[in-house]
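Open your viewer and get ready to click along. At each stop you will find a selection to make and a short note on what is there.

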Amino acid sequence: MTELKSYYVWDAFTRWFHWINVLSIVILMALGLAIFNGSALGLTNDGKILLKEIHVLVGYVFVLNLLWRFVWAFFGNRHARWGAILPVGKGFFQSVRNYISAFVMGKSEVYLGHNPLARIAVFVLFILMTVQAVTGLVLAGTDIFYPPFGGMIAQWVASPGIDPSTLVPYAKEMLDPEAYKSMRAFRAPFIEIHEINFFILSGVIFLHIAAVVITEIKEGGGIISAMVTGKKVFDKEPVDVDKE
């Protein structure tokens, strides 16, 4: 009988980050699509503002959670740290070749932490999520005057004699037309990047989920359940076990 061995891999903070991130992204994507298709859905201005406010509030959770993960990468266990989740380090590219070769030959290598291809995927996801977070914060300020940039934007576009703190979205009578036009020109590349990045991020997330399922089938280990229990279970020795 094949002996199964359990290994503790993902610490609690890493697991919490993962599921908060999943929930935040699902909600943000749903809200983003509704806002993007607001006209087709027949949304009123008040409806759009409400969706945008909820979108921004969930976005704050997403941003803070992402920032926390970046900090935790300096303090978490060895599988949660930068050196284990980014495609860097001595011999990394050789490990990629070895992993692909073994996978193709049907003799998959198993890893306690992220396998070499997963580390590349994590790096790409972190970049895409960071781009989405930064552009989203800018848009929150230019669209509905929310922090951290909303105060500056309001001062920029408020009509003379109007208190910037009293500005409300879509109230054009409170805005200086020329300043508002300049602000919209400033905003344009951010919204374009935000929208394009949304579709790229969606595609990468789909590939990530597919890769997790395929890896689970081919290699086992309980990859999905490990993000709940923190433990992986293998019937052979993982490649990176001797690094513990």
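**Stop 1: H1 and its neighbours**

Select H1 and helix H8 (residues 177-219): their axes come within 12 Å and cross at roughly 135°. That angle makes H1 oblique to H8. Look at the handedness too: H1 and H8 make a left-handed crossing. Keep in mind as you go that this is a predicted model.

Now keep H1, which covers residues 12-36, and add helix H3, residues 45-72. Two numbers are worth noting here, since two packed helices are described by the angle between their axes and the distance between the axes. For H1 and H3, the angle is about 150° and the axes are 9 Å apart. H1 is therefore roughly antiparallel to H3, as angles over 145 degrees count as such. The crossing of H1 past H3 is left-handed. Which classes of residue make up the contact of H1 with H3? Colour by class and you will find 17 nonpolar, 7 polar and 2 charged residues there.

**Stop 2: a link from H3 to H6**

Stay with H3 and show the side chain of lysine 52, which lies in this helix, then show aspartate 143 in helix H6. Side chains of opposite charge can pair when their charged atoms come close. Here lysine 52 and aspartate 143 form a salt bridge, with 2.8 Å from N to O. The two residues are 91 residues apart in sequence, so the pair ties together separate parts of the chain. The whole structure has 2 salt bridges.

**Stop 3: a nonpolar patch on the surface**

Next, switch on the surface and select Ile100, Val104, Met105, Leu117, Ile120, Phe123, Val124 and Ile127. Together they form a nonpolar patch with about 680 Å² of accessible area. Which helices each supply at least two of the patch residues? They are helix H5 (92-104) and helix H6 (116-144). H6 gives the largest share, 5 residues. Isoleucine 120 is one to click on, as a residue that lies in H6.

**Stop 4: the loop after H6**

Finally, move to the loop between H6 and H7, where you can select phenylalanine 145. Most residues other than glycine have a negative phi, and most peptide bonds are trans. Phenylalanine 145 is not a glycine, yet its phi is positive, about 60°. Proline 148 is also found in the loop between H6 and helix H7 (150-157). Is the peptide bond from proline 147 to proline 148 cis or trans? It is cis, with omega near 5°.

Conventions:
Residues are numbered from 1 along each chain as its sequence is written. This is a predicted model: local features need pLDDT of at least 70, side-chain atom pairs count only at pLDDT 80 or more; totals for chains, interfaces and linings use all residues. Side-chain values use heavy atoms; hydrogens and water are left out. Axes are lines fitted to C-alpha atoms, for helices over the stretch in contact, and angles run from 0 to 180 degrees between N-to-C directions. Helices (H or I, at least four residues) and strands (E, at least two) are DSSP runs, numbered from the N terminus. Angles under 35 degrees count as roughly parallel, over 145 as roughly antiparallel, 65 to 115 as roughly perpendicular and the rest as oblique. A crossing is left-handed if the near helix is turned anticlockwise from the far one by less than a right angle, and right-handed if clockwise. Ala, Val, Leu, Ile, Met, Phe, Trp, Tyr, Cys and Pro count as nonpolar, Asp, Glu, Lys and Arg as charged, and the others, Gly among them, as polar. Patches are made of residues with over 30% relative accessible area and no salt bridge: like charges are joined within 9 Å, nonpolar side chains (Val, Leu, Ile, Met, Phe, Trp, Tyr) within 5 Å. Accessible areas come from the Shrake-Rupley method with a 1.4 Å probe; for residues, only the protein chains shown count as cover. A salt bridge is a side-chain nitrogen of Lys or Arg within 4 Å of a carboxyl oxygen of Asp or Glu.
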